[in-house]
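User: Got a minute to go through this one with me? I'd like to start with how two of the helices pack.
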Amino acid sequence: MMMTRRTLLATVGGAAAWAQAPGPRYDLVIRGGEVRDPRRGFQARADVGIRDGKIAAIEEQIAAESGRDVMEARGLYVVPGLVDLHTHCYWGGTALGIEADRFGARSGVTTWVDAGSFGYDSFAGFRRFIVEGAQARIFGYVYLYPDSRNPDIDPVKYTQGVMKRTGETVVANRDVLIGVKLQVGSNMNGLYSLDFLKIARELCDAYKIPLMAHISFAPPETPQVMELMRAGDVITHCYNGHTLGLVDAAGKLKPGVAEARARGVLFDIGHGLGSFNFAAARKCLDAGFVADTISTDIYHLNVNGPVYDMPTTMSKMLYLGMSFDEVLLRSTWHPARVVGRVEGLGTLRVGGPADVALLAVEEGDFELVDSQRNRVRAKQRIVSRAAVVRGRRFVAPV
(Lines give C-alpha, C1' and ligand atoms only; values in the text may rest on other atoms or scores of the structure.)
Protein backbone atom coordinates (compact mmCIF):
# COMPACT_ATOMS: atom_id res chain seq x y z
CA MET A 1 0.00 0.00 0.00
CA MET A 2 3.04 2.27 0.13
CA MET A 3 2.96 5.20 -2.32
CA THR A 4 6.07 5.77 -4.38
CA ARG A 5 7.19 9.25 -5.38
CA ARG A 6 6.29 8.49 -8.99
CA THR A 7 2.76 7.43 -8.00
CA LEU A 8 2.36 10.56 -5.90
CA LEU A 9 3.42 12.91 -8.68
CA ALA A 10 0.94 11.26 -10.98
CA THR A 11 -1.98 11.69 -8.61
CA VAL A 12 -1.55 15.13 -7.07
CA GLY A 13 -2.36 17.97 -9.48
CA GLY A 14 0.61 20.17 -10.32
CA ALA A 15 3.02 18.16 -8.18
CA ALA A 16 5.54 17.53 -10.95
CA ALA A 17 5.99 21.24 -11.65
CA TRP A 18 6.15 21.97 -7.92
CA ALA A 19 8.85 19.35 -7.41
CA GLN A 20 11.09 21.10 -9.96
CA ALA A 21 10.85 24.47 -8.22
CA PRO A 22 13.78 25.52 -6.01
CA GLY A 23 13.54 25.33 -2.23
CA PRO A 24 11.54 23.01 0.06
CA ARG A 25 8.78 20.94 -1.50
CA TYR A 26 6.64 20.83 1.64
CA ASP A 27 5.46 23.24 4.29
CA LEU A 28 5.89 20.51 6.90
CA VAL A 29 7.36 17.02 6.97
CA ILE A 30 6.52 14.50 9.71
CA ARG A 31 9.30 11.93 9.77
CA GLY A 32 9.87 8.47 11.17
CA GLY A 33 6.47 7.62 12.62
CA GLU A 34 4.11 4.69 12.27
CA VAL A 35 1.36 6.03 9.99
CA ARG A 36 -2.10 4.65 10.78
CA ASP A 37 -5.25 5.43 8.83
CA PRO A 38 -8.02 3.22 10.27
CA ARG A 39 -10.41 4.27 7.49
CA ARG A 40 -8.19 2.59 4.87
CA GLY A 41 -6.62 -0.02 7.12
CA PHE A 42 -3.26 1.57 6.28
CA GLN A 43 -0.29 0.85 8.54
CA ALA A 44 3.32 1.59 7.62
CA ARG A 45 6.47 3.24 8.84
CA ALA A 46 6.38 6.31 6.61
CA ASP A 47 7.02 10.02 6.33
CA VAL A 48 4.24 12.51 5.65
CA GLY A 49 4.63 15.63 3.51
CA ILE A 50 2.17 18.48 3.97
CA ARG A 51 1.56 21.37 1.59
CA ASP A 52 -1.13 24.07 1.46
CA GLY A 53 -3.10 22.49 4.28
CA LYS A 54 -3.30 19.09 2.56
CA ILE A 55 -1.51 15.78 2.82
CA ALA A 56 0.74 15.94 -0.24
CA ALA A 57 2.80 12.76 0.23
CA ILE A 58 2.96 9.57 2.28
CA GLU A 59 6.25 7.93 1.36
CA GLU A 60 8.77 5.53 2.84
CA GLN A 61 11.26 8.35 3.22
CA ILE A 62 11.11 12.10 2.66
CA ALA A 63 14.29 14.12 3.10
CA ALA A 64 14.19 16.56 6.01
CA GLU A 65 15.42 19.36 3.75
CA SER A 66 12.26 18.92 1.68
CA GLY A 67 10.24 20.65 4.41
CA ARG A 68 10.20 24.21 5.63
CA ASP A 69 9.37 22.69 9.02
CA VAL A 70 10.09 19.19 10.28
CA MET A 71 8.47 17.18 13.08
CA GLU A 72 10.23 14.06 14.32
CA ALA A 73 7.78 11.24 15.07
CA ARG A 74 10.04 8.26 15.68
CA GLY A 75 8.37 5.93 18.17
CA LEU A 76 4.99 7.62 17.69
CA TYR A 77 1.80 6.82 15.84
CA VAL A 78 0.96 9.35 13.13
CA VAL A 79 -2.83 9.27 12.85
CA PRO A 80 -5.70 11.46 11.66
CA GLY A 81 -6.44 14.37 13.98
CA LEU A 82 -8.88 13.26 16.66
CA VAL A 83 -12.54 14.23 16.25
CA ASP A 84 -14.43 14.75 19.53
CA LEU A 85 -18.15 14.56 18.80
CA HIS A 86 -19.34 15.74 22.22
CA THR A 87 -17.64 18.73 23.84
CA HIS A 88 -18.53 22.06 25.38
CA CYS A 89 -16.20 24.70 23.96
CA TYR A 90 -18.29 27.88 23.99
CA TRP A 91 -15.62 29.48 26.15
CA GLY A 92 -16.82 32.76 27.66
CA GLY A 93 -20.37 32.21 26.41
CA THR A 94 -21.29 29.60 29.00
CA ALA A 95 -20.01 28.53 32.39
CA LEU A 96 -19.23 25.07 30.99
CA GLY A 97 -17.02 26.12 28.10
CA ILE A 98 -13.31 25.38 27.74
CA GLU A 99 -10.92 26.71 25.09
CA ALA A 100 -10.79 24.32 22.15
CA ASP A 101 -7.36 25.44 20.93
CA ARG A 102 -5.76 25.33 24.37
CA PHE A 103 -6.92 21.79 25.10
CA GLY A 104 -6.83 20.55 21.51
CA ALA A 105 -3.15 21.38 21.10
CA ARG A 106 -2.19 19.12 23.99
CA SER A 107 -4.74 16.36 23.39
CA GLY A 108 -4.58 15.88 19.60
CA VAL A 109 -8.23 16.88 19.06
CA THR A 110 -8.26 18.90 15.85
CA THR A 111 -12.05 18.83 15.34
CA TRP A 112 -14.45 19.81 18.12
CA VAL A 113 -18.22 19.47 18.16
CA ASP A 114 -19.99 21.53 20.79
CA ALA A 115 -22.99 19.49 21.87
CA GLY A 116 -25.59 22.07 22.72
CA SER A 117 -23.93 24.78 24.80
CA PHE A 118 -26.09 27.39 23.05
CA GLY A 119 -29.59 27.92 21.75
CA TYR A 120 -30.66 29.54 18.50
CA ASP A 121 -30.59 32.92 20.25
CA SER A 122 -26.89 32.74 21.18
CA PHE A 123 -25.53 30.97 18.10
CA ALA A 124 -24.22 34.20 16.55
CA GLY A 125 -21.69 34.55 19.36
CA PHE A 126 -20.61 30.94 18.96
CA ARG A 127 -19.90 31.47 15.27
CA ARG A 128 -18.14 34.82 15.67
CA PHE A 129 -16.09 34.28 18.81
CA ILE A 130 -15.51 30.51 18.87
CA VAL A 131 -15.63 29.12 15.33
CA GLU A 132 -14.11 31.98 13.38
CA GLY A 133 -10.42 32.43 13.98
CA ALA A 134 -9.89 29.16 15.83
CA GLN A 135 -7.06 26.89 14.79
CA ALA A 136 -9.21 23.82 15.39
CA ARG A 137 -12.21 22.96 13.26
CA ILE A 138 -15.32 23.61 15.34
CA PHE A 139 -18.91 22.58 14.69
CA GLY A 140 -21.97 22.30 16.88
CA TYR A 141 -25.45 21.12 17.73
CA VAL A 142 -27.86 23.88 18.74
CA TYR A 143 -29.75 23.26 21.98
CA LEU A 144 -33.53 23.16 21.63
CA TYR A 145 -34.26 24.61 25.07
CA PRO A 146 -32.66 28.08 25.33
CA ASP A 147 -31.46 29.34 28.70
CA SER A 148 -33.40 32.55 28.12
CA ARG A 149 -36.74 30.77 28.58
CA ASN A 150 -39.42 32.95 30.16
CA PRO A 151 -40.17 31.21 33.50
CA ASP A 152 -43.75 32.50 33.38
CA ILE A 153 -44.54 30.48 30.23
CA ASP A 154 -45.32 26.76 30.28
CA PRO A 155 -42.06 24.98 29.30
CA VAL A 156 -43.67 22.76 26.68
CA LYS A 157 -45.49 25.65 25.02
CA TYR A 158 -42.33 27.74 25.14
CA THR A 159 -40.27 25.00 23.49
CA GLN A 160 -42.91 24.53 20.81
CA GLY A 161 -42.70 28.27 20.24
CA VAL A 162 -38.96 28.19 19.48
CA MET A 163 -39.10 25.21 17.10
CA LYS A 164 -39.28 27.29 13.95
CA ARG A 165 -36.42 29.64 14.88
CA THR A 166 -34.27 26.72 16.01
CA GLY A 167 -34.81 24.81 12.78
CA GLU A 168 -34.22 27.88 10.63
CA THR A 169 -30.96 28.60 12.49
CA VAL A 170 -29.62 25.13 11.74
CA VAL A 171 -30.64 25.21 8.08
CA ALA A 172 -29.17 28.69 7.55
CA ASN A 173 -25.86 27.68 9.16
CA ARG A 174 -25.26 24.18 7.89
CA ASP A 175 -21.55 24.92 7.42
CA VAL A 176 -21.22 25.02 11.22
CA LEU A 177 -24.33 23.39 12.68
CA ILE A 178 -24.95 19.65 12.45
CA GLY A 179 -28.37 19.45 14.07
CA VAL A 180 -30.26 19.76 17.36
CA LYS A 181 -29.20 18.58 20.85
CA LEU A 182 -31.63 17.65 23.60
CA GLN A 183 -31.20 16.29 27.13
CA VAL A 184 -33.53 13.39 27.89
CA GLY A 185 -33.84 12.31 31.51
CA SER A 186 -35.84 13.04 34.62
CA ASN A 187 -32.84 14.71 36.26
CA MET A 188 -32.47 17.19 33.37
CA ASN A 189 -35.93 18.18 32.19
CA GLY A 190 -38.11 16.53 34.81
CA LEU A 191 -41.65 15.62 33.84
CA TYR A 192 -41.27 17.40 30.50
CA SER A 193 -38.44 15.26 29.17
CA LEU A 194 -40.49 13.01 26.88
CA ASP A 195 -42.56 15.97 25.69
CA PHE A 196 -39.37 17.80 24.72
CA LEU A 197 -38.09 14.74 22.87
CA LYS A 198 -41.32 14.55 20.87
CA ILE A 199 -40.99 18.25 20.01
CA ALA A 200 -37.38 17.66 18.93
CA ARG A 201 -38.47 14.75 16.77
CA GLU A 202 -41.12 16.88 15.06
CA LEU A 203 -38.60 19.67 14.53
CA CYS A 204 -35.89 17.44 13.09
CA ASP A 205 -38.35 15.70 10.77
CA ALA A 206 -39.70 19.02 9.52
CA TYR A 207 -36.27 20.52 8.78
CA LYS A 208 -34.56 17.21 7.86
CA ILE A 209 -31.77 17.64 10.38
CA PRO A 210 -30.16 15.15 12.83
CA LEU A 211 -30.86 14.91 16.53
CA MET A 212 -28.40 14.22 19.35
CA ALA A 213 -30.10 12.94 22.50
CA HIS A 214 -28.45 12.83 25.92
CA ILE A 215 -29.78 9.92 28.02
CA SER A 216 -29.51 9.68 31.81
CA PHE A 217 -32.30 8.80 34.27
CA ALA A 218 -35.75 7.34 33.62
CA PRO A 219 -38.46 8.34 33.01
CA PRO A 220 -38.87 8.21 30.09
CA GLU A 221 -37.88 4.60 29.58
CA THR A 222 -35.27 3.41 27.11
CA PRO A 223 -37.74 1.90 24.58
CA GLN A 224 -39.67 5.18 24.45
CA VAL A 225 -36.50 7.07 23.57
CA MET A 226 -35.30 4.54 21.00
CA GLU A 227 -38.65 4.60 19.21
CA LEU A 228 -38.23 8.31 18.48
CA MET A 229 -34.70 8.12 17.07
CA ARG A 230 -33.99 7.97 13.31
CA ALA A 231 -31.09 7.14 11.01
CA GLY A 232 -28.26 9.63 11.50
CA ASP A 233 -29.40 10.60 14.98
CA VAL A 234 -26.98 10.14 17.87
CA ILE A 235 -27.60 8.73 21.34
CA THR A 236 -24.87 10.11 23.60
CA HIS A 237 -23.85 8.79 27.06
CA CYS A 238 -24.49 5.26 25.81
CA TYR A 239 -22.26 3.69 28.50
CA ASN A 240 -23.82 5.50 31.45
CA GLY A 241 -24.66 3.55 34.61
CA HIS A 242 -28.04 5.19 35.08
CA THR A 243 -31.60 3.94 34.74
CA LEU A 244 -32.02 5.32 31.21
CA GLY A 245 -29.29 3.06 29.86
CA LEU A 246 -28.93 0.44 27.15
CA VAL A 247 -28.74 -2.78 29.19
CA ASP A 248 -30.83 -4.21 32.01
CA ALA A 249 -29.58 -5.60 35.32
CA ALA A 250 -28.92 -8.97 33.69
CA GLY A 251 -26.73 -7.40 31.03
CA LYS A 252 -29.20 -7.83 28.17
CA LEU A 253 -29.94 -5.05 25.72
CA LYS A 254 -33.18 -3.30 26.54
CA PRO A 255 -36.04 -3.43 24.01
CA GLY A 256 -35.63 -1.08 21.08
CA VAL A 257 -31.85 -0.64 21.30
CA ALA A 258 -30.85 -3.18 18.66
CA GLU A 259 -33.73 -2.05 16.45
CA ALA A 260 -32.58 1.58 16.70
CA ARG A 261 -29.07 0.63 15.64
CA ALA A 262 -30.47 -1.39 12.73
CA ARG A 263 -32.31 1.77 11.57
CA GLY A 264 -29.03 3.69 11.54
CA VAL A 265 -29.10 5.38 14.94
CA LEU A 266 -25.54 5.99 16.19
CA PHE A 267 -24.32 5.50 19.75
CA ASP A 268 -21.72 7.79 21.31
CA ILE A 269 -19.83 7.49 24.61
CA GLY A 270 -19.91 11.13 25.81
CA HIS A 271 -17.97 10.41 29.02
CA GLY A 272 -18.73 13.56 31.02
CA LEU A 273 -18.83 14.12 34.76
CA GLY A 274 -21.49 11.47 35.37
CA SER A 275 -22.09 9.47 32.20
CA PHE A 276 -19.39 6.82 31.78
CA ASN A 277 -19.35 3.71 33.94
CA PHE A 278 -16.91 0.83 33.57
CA ALA A 279 -19.44 -1.81 34.62
CA ALA A 280 -22.12 -0.51 32.26
CA ALA A 281 -19.61 -0.34 29.41
CA ARG A 282 -18.50 -3.89 30.13
CA LYS A 283 -22.09 -5.15 30.06
CA CYS A 284 -22.70 -3.47 26.71
CA LEU A 285 -19.51 -4.86 25.24
CA ASP A 286 -20.27 -8.33 26.56
CA ALA A 287 -23.67 -8.05 24.87
CA GLY A 288 -21.86 -7.30 21.61
CA PHE A 289 -22.85 -3.64 21.63
CA VAL A 290 -19.85 -1.50 20.72
CA ALA A 291 -20.18 2.29 20.68
CA ASP A 292 -19.93 3.92 17.26
CA THR A 293 -17.99 6.95 18.49
CA ILE A 294 -15.74 7.83 21.41
CA SER A 295 -16.18 11.33 22.84
CA THR A 296 -15.43 13.15 26.06
CA ASP A 297 -18.31 15.53 26.90
CA ILE A 298 -15.45 17.65 28.20
CA TYR A 299 -16.13 20.89 30.10
CA HIS A 300 -14.56 22.86 32.91
CA LEU A 301 -15.99 20.69 35.70
CA ASN A 302 -14.38 17.48 34.42
CA VAL A 303 -11.23 18.61 32.63
CA ASN A 304 -9.21 17.96 35.79
CA GLY A 305 -10.89 14.58 36.26
CA PRO A 306 -12.39 12.18 35.63
CA VAL A 307 -12.36 13.01 31.90
CA TYR A 308 -9.07 14.92 31.50
CA ASP A 309 -8.94 14.65 27.70
CA MET A 310 -9.70 12.55 24.63
CA PRO A 311 -6.63 10.25 24.86
CA THR A 312 -7.60 9.35 28.44
CA THR A 313 -11.12 8.45 27.32
CA MET A 314 -9.64 6.40 24.46
CA SER A 315 -7.38 4.65 27.00
CA LYS A 316 -10.45 3.50 28.94
CA MET A 317 -11.78 1.74 25.85
CA LEU A 318 -8.35 0.19 25.28
CA TYR A 319 -8.53 -1.10 28.86
CA LEU A 320 -11.99 -2.57 28.17
CA GLY A 321 -10.61 -4.67 25.32
CA MET A 322 -10.81 -2.61 22.14
CA SER A 323 -7.74 -2.74 19.92
CA PHE A 324 -5.80 0.43 19.24
CA ASP A 325 -7.12 0.54 15.68
CA GLU A 326 -10.71 0.04 16.84
CA VAL A 327 -10.27 2.94 19.24
CA LEU A 328 -8.75 5.09 16.50
CA LEU A 329 -11.59 4.37 14.10
CA ARG A 330 -14.14 5.54 16.67
CA SER A 331 -12.11 8.66 17.45
CA THR A 332 -11.46 9.76 13.86
CA TRP A 333 -13.36 8.41 10.88
CA HIS A 334 -16.64 7.47 12.58
CA PRO A 335 -17.26 10.88 14.22
CA ALA A 336 -15.97 12.62 11.08
CA ARG A 337 -18.79 11.00 9.12
CA VAL A 338 -21.30 12.48 11.59
CA VAL A 339 -19.75 15.92 11.10
CA GLY A 340 -19.86 15.45 7.34
CA ARG A 341 -18.65 18.94 6.46
CA VAL A 342 -15.02 18.44 5.36
CA GLU A 343 -14.09 15.95 2.65
CA GLY A 344 -11.49 13.52 3.91
CA LEU A 345 -11.86 14.53 7.56
CA GLY A 346 -10.92 11.70 9.90
CA THR A 347 -8.59 10.04 7.39
CA LEU A 348 -4.91 10.29 6.56
CA ARG A 349 -4.54 10.11 2.78
CA VAL A 350 -2.95 12.05 -0.03
CA GLY A 351 -5.18 14.99 -0.98
CA GLY A 352 -6.99 14.97 2.36
CA PRO A 353 -6.90 17.67 5.04
CA ALA A 354 -3.65 17.87 6.98
CA ASP A 355 -5.12 17.35 10.44
CA VAL A 356 -2.77 14.97 12.25
CA ALA A 357 -2.21 13.69 15.78
CA LEU A 358 1.05 12.20 17.02
CA LEU A 359 0.17 9.63 19.67
CA ALA A 360 2.09 7.28 21.92
CA VAL A 361 0.88 4.12 23.63
CA GLU A 362 2.72 3.97 26.92
CA GLU A 363 3.29 0.76 28.89
CA GLY A 364 3.16 0.80 32.67
CA ASP A 365 0.72 0.83 35.57
CA PHE A 366 -1.89 3.56 35.19
CA GLU A 367 -5.01 4.46 37.14
CA LEU A 368 -8.18 5.16 35.17
CA VAL A 369 -11.33 6.54 36.80
CA ASP A 370 -14.94 6.48 35.58
CA SER A 371 -17.65 9.03 36.31
CA GLN A 372 -18.70 7.33 39.54
CA ARG A 373 -15.04 7.34 40.69
CA ASN A 374 -14.59 3.61 40.21
CA ARG A 375 -10.89 3.00 39.70
CA VAL A 376 -9.05 0.42 37.60
CA ARG A 377 -5.41 -0.29 36.84
CA ALA A 378 -4.43 -0.33 33.19
CA LYS A 379 -1.22 -1.59 31.58
CA GLN A 380 -1.44 0.87 28.70
CA ARG A 381 -2.50 4.42 28.10
CA ILE A 382 -2.74 6.64 25.03
CA VAL A 383 -1.14 10.08 25.17
CA SER A 384 -0.80 12.87 22.63
CA ARG A 385 2.68 14.22 21.92
CA ALA A 386 1.87 16.82 19.24
CA ALA A 387 -0.69 17.71 16.59
CA VAL A 388 -1.09 19.43 13.24
CA VAL A 389 -4.24 21.25 12.21
CA ARG A 390 -4.94 22.72 8.77
CA GLY A 391 -1.35 21.90 7.80
CA ARG A 392 0.36 23.73 10.65
CA ARG A 393 1.67 22.80 14.07
CA PHE A 394 -1.16 22.98 16.57
CA VAL A 395 0.09 25.38 19.23
CA ALA A 396 -1.87 26.43 22.31
CA PRO A 397 -2.68 30.17 22.46
CA VAL A 398 -0.49 32.22 24.77
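User: What's the handedness of the H6 and H8 crossing?
Analyst: The crossing of H6 and H8 is right-handed, meaning the near helix is turned clockwise from the far one by less than a right angle. This is a predicted model, where local features need pLDDT of at least 70, side-chain atom pairs count only at pLDDT 80 or more, and totals for chains, interfaces and linings use all residues. Residues are numbered from 1 along each chain as its sequence is written, and side-chain values use heavy atoms, with hydrogens and water left out.
User: And what angle do H6 and H8 pack at?
Analyst: About 45°, with the axes 10 Å apart (lines fitted to C-alpha atoms over the stretch in contact, angles from 0 to 180 degrees between N-to-C directions).
User: Which residues in H6 and H8 meet?
Analyst: From H6, Met 163, Lys 164, Thr 166, Gly 167, Glu 168 and Val 171; from H8, Ile 199, Glu 202, Leu 203 and Tyr 207. Contact here is heavy atoms within 4.5 Å.
User: Switching topic: is H3 mostly covered or not, and how many of its residues are buried?
Analyst: H3 (residues 100–107) is mostly covered, with six of its eight residues buried, i.e. under 20% relative accessible area with a 1.4 Å probe, protein chains only. Helices here are DSSP runs of H or I, at least four residues, and strands are E, at least two, numbered from the N terminus.
User: What do the buried residues of H3 pack against?
Analyst: Strands E6 (82–87), E7 (109–119), E8 (137–143) and E14 (375–389), plus helix H12 (310–319).
User: What follows H3?
Analyst: Gly 108, whose phi is positive, near 80°.

How values were computed
Buried < 20%, exposed > 50% of the residue type's maximum accessible area, 1.4 Å probe, protein only.
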